[in-house]
Amino acid sequence: MKKYPKILSFILAIVCITAFSGCDILDAVTTVSSDTNTSTQNNTNSSTDGGFTIHMIDIGQGDSILLECNDEYMLIDAGELGQGGIVNDYLKDHNVTQLDYALITHPHSDHYGGMLDVLKNESVTTKNIVMTEAMNTTRTWEKLVDYIDQKNYNVIFPKTNDTIHLGDTTLTMYVPEIVKDLNNCSIVVRAEYDGMSAILTGDAESSEEKLMLDEGFNVQANVLKAGHHGSRTSTSKKFLTAVNPQIALISCGKNNDYGHPHKETVKKFNDINLPMYRTDELGSIVVTFNNGNMSLHTTNGTSEEIAIAQNNTTTAESKTSSNTSSKTSTSTKKATKKTAKYVGNKNSKVLHTKDCATVSKMSDANKVYFISYEDAIAQGYTPAKDCNPQ
Ligand SMILES: [Zn+2]
Ligand SMILES: [Zn+2]
């Protein structure tokens, strides 16, 4: 502990500020964020074309997620030691020159290991570090903390329900009490943009999930980043029901030693027909919320549009209509690849014209063919914005 004098003084400062004035940390965060607004306005290299984007970077086994909104960026974790270079390459490829925030969910090396390389990257300026007070005793962790100390970053230790504004996106954090199992010390981030939401749970396991529910933290989200790389110790049924997601994302390495994602987790998703996207199969996964739509693409070429369920009720309705569709599908069984005029994506429930470019990128397993537009709509499909079938 002696090694972290500045970080300790930050903790003390935060305790003092909190004791006297409640939400001052938030004001500080907001100020930093609006300063950033000004300083990034002239960044013509930005890859932002509107909306809020989640980049789940394929760094192998571990987590590294870049959030982007209105030319502001937050990096959540940076993979294992030795994987920081992949993150730096990704930032370069996307013309990111400033991280407004670098957040370390918890002190496990598959999350913080690559962070030092990112902080040392001379092409990318990092302004604020967000981290938990949980510590590790490994040399790599100590090296990272020493570096953060030396460089005088603005270090933020958030509390539950603290918010950070990333452009028009509000990030609300859940920060548990420190416990022995560092996974359950994970900072959870729930991002909300224009009525759409995502929850990124680090390596939180079912005990932290239970705490979130018990404490009334709002977990409902269109997108769930499954905790702990899809481990069976995370994503309890209760939590999954409360989140009520439309898609699940899993960050894990090909043939990883842990068997992530565990088959129990995959089964839970299959049981509720929840589409799952994995970095070990798809490469980096990019999800964008924009104009009331969610779109997803991956480095291996998968591209989908997913109709947004605005709240639990809508999702329940769309589930009901998809159940009904399986019963009534006999009337459309005759539609084949040849005779179809429309192609729907059975996961996203979005309907395209047969010639739409999106259809060529859709995996055959997800294609559902229709001759009649009305049949497709009756079965719960939503017309795609790109080809606007009628
Ligand atoms: Zn992990
Ligand atoms: Zn962990």
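## Contacts of M115

Two residues are taken to be in contact if their C-beta atoms, placed from the backbone, lie within 7 Å. In this predicted model, M115 touches A78, G84, A102, I104 and L144, with residues up to four places away in sequence left out of the count.

## The nonpolar core

M115 is also among the residues that touch the most other members of the largest nonpolar core, a set of 88 residues. The others named in this respect are L67, M74, L75, A102, V188 and L249. Strand 4, residues 98-104, supplies the largest share of this core, with five residues. Both domain 1 (5-301) and domain 2 (325-383) contribute residues, so the core lies between them. In soluble globular proteins, nonpolar side chains tend to be buried together.

## The surroundings of M74

M74 belongs to strand 3, which covers residues 72-76. A residue is classed as buried if 20 or more other C-beta atoms lie within 10 Å of its own. M74 has 22 C-beta neighbours inside 10 Å and therefore counts as buried.

Once neighbours within four places in sequence are set aside, M74 is in contact with L67, L99, D100, Y101, L103 and L166. M74 and Q98 are 24 residues apart along the chain, and their C-alpha atoms are separated by 9.1 Å.

## The seven-stranded sheet

An open sheet is formed by seven strands in the order 7-8-9-10-11-12-13, with mixed pairing. Strand 7 (163-166) and strand 13 (276-278) are the edge strands; each has a single partner strand, so one side of each is left without a neighbour in the sheet. On average, and with direction ignored, neighbouring strands of this sheet are turned by 20° against each other. In a regular strand, the side chains alternate between the two faces of the sheet.

## Pairing at the two edges

At one edge, strand 7 pairs with strand 8 (residues 169-174) in the antiparallel sense, over four bridges. Within this pair, H165 stands opposite T170 of strand 8. The two strands, 7 and 8, form a hairpin with two residues between them. G167 lies in the turn of this hairpin and has a positive phi of about 55°.

At the other edge, strand 13 pairs with strand 12, residues 247-250, in the parallel sense over three bridges. Here I250 stands opposite R278 in strand 13. L249, whose number falls within the range of strand 12, is one of the core residues with the most contacts to other members.

Technical notes:
Residues are numbered from 1 along each chain as its sequence is written. Chains are lettered from A and ligands numbered from 1 in the order in which they are written. This is a predicted model: local features need pLDDT of at least 70, side-chain atom pairs count only at pLDDT 80 or more; totals for chains, interfaces and linings use all residues. Two strands pair if DSSP finds at least two bridges between them. Axes are lines fitted to C-alpha atoms, for helices over the stretch in contact, and angles run from 0 to 180 degrees between N-to-C directions. A nonpolar core is a set of buried Ala, Val, Leu, Ile, Met, Phe, Trp, Tyr and Cys residues joined through C-beta atoms within 7 Å. A residue is buried if 20 or more other C-beta atoms lie within 10 Å of its own, exposed if 12 or fewer, and partly exposed in between; C-beta atoms are placed from the backbone. Domain bounds come from an automatic or database domain assignment.
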